[in-house]
Amino acid sequence: MTPAWVVKRAFKDVWLYDWLRARYGGLDGIWPGIDTIAAEFEISRSTVERTIRRLVAAKCMEIVPRYREDGSQTTNQYVTKFDEPRD
């Protein structure tokens, strides 16, 4: 279930929030690539990126960069927030 505060802050983007929580385990270990998300929804990469930016701006999601042992970047971790942040 999507918390009401998320719907109020990001009503247009709840689809991605809900999908990430359901598909990838909620608050733990969400790290699909942008291309994976775009392919599963049959939408453009830019739509996914724009939606993620809006969810982050609304404080509904946090992006945590991840790196390989050699220092190169791999897919980001997306952490969906369930409790409303204190502004």
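**Exercise 1.** What covers the buried residues of α2? Work from the predicted model, and place the answer in the context of the nonpolar core.

*Solution.* The starting point is the list of buried residues in α2, which consists of V14, L16, Y17, W19 and L20. The cover over these residues includes the helices α1, α3 and α4, together with β1 (61–64) and β2 (77–80). The next step is to turn to the largest nonpolar core, which has 19 residues, and in which L16, L20, I52, L55 and C60 touch the most other members. Two or more residues of this core are given by each of α1 (4–10), α2 (14–24), α3 (34–41) and α4 (45–57), and α2 supplies the largest share, five residues. As a last step, take I52 and set aside its neighbours within four places in sequence: its contacts are then L16, I34, M61, I63 and Y78.

**Exercise 2.** Which residues of α3 are buried, and what covers them? Explain how they are placed around the helix axis.

*Solution.* The buried residues of α3 are I34, I37 and A38. These three lie on the same side of α3, because the arc that they cover around the axis is only 95°. The general geometry of a helix is useful background here: with 3.6 residues a turn in an α-helix, residues three or four places apart point the same way. As for the cover, the elements over the buried residues of α3 include α2, α4 and β2. Beyond the helix comes E42, which follows α3 and has a positive phi, near 55°.

**Exercise 3.** How many salt bridges does the structure hold, and which residues are joined into one network by shared partners?

*Solution.* The count for the structure is four salt bridges, and three of the pairs are worked through here, among them R45 with D35.

1. In the pair of R45 and D35, the closest N and O atoms are 2.8 Å apart. Since R45 belongs to helix α4 and D35 to helix α3, the pair ties together parts that are 10 residues apart in sequence.
2. R45 also meets E49 in a salt bridge, with an N to O distance of 3.2 Å. E49 and R45 are four residues apart in helix α4, and about one helical turn therefore separates them. With relative accessible area between 20% and 50% counting as partly exposed, R45 falls into that class at 39%, and E49 does so at 28%.
3. K81 and E62 form a salt bridge through their side chains, at 2.8 Å from N to O. This pair links distant parts of the chain, since K81 is in the segment after β2 and E62 is in strand β1, 19 residues apart. K81 is partly exposed, with a relative accessible area of 27%, and E62 is likewise partly exposed, at 35%.
4. Through shared partners, the salt bridges join D35, R45 and E49 into one network.

**Exercise 4.** Which element has the lowest mean pLDDT, and which the highest? Relate the answer to the protein as a whole.

*Solution.* Begin with the whole protein, for which the mean pLDDT is 84, with 94% of the residues reaching 70 or more. Among the elements, the lowest mean belongs to α1, at 76, and the highest to α4, at 93. A general caution applies to any such reading: where pLDDT is low, predicted coordinates should not be read in detail.

Terms used. Residues are numbered from 1 along each chain as its sequence is written. This is a predicted model: local features need pLDDT of at least 70, side-chain atom pairs count only at pLDDT 80 or more; totals for chains, interfaces and linings use all residues. Side-chain values use heavy atoms; hydrogens and water are left out. A nonpolar core is a set of buried Ala, Val, Leu, Ile, Met, Phe, Trp, Tyr and Cys residues joined through side-chain atoms within 4.5 Å. Buried means under 20% relative accessible area, exposed over 50%, partly exposed in between (1.4 Å probe, protein chains only). Contact means heavy atoms within 4.5 Å. pLDDT is the predictor's confidence in each residue, from 0 to 100. The arc is that of the directions from the helix axis to the C-beta atoms.
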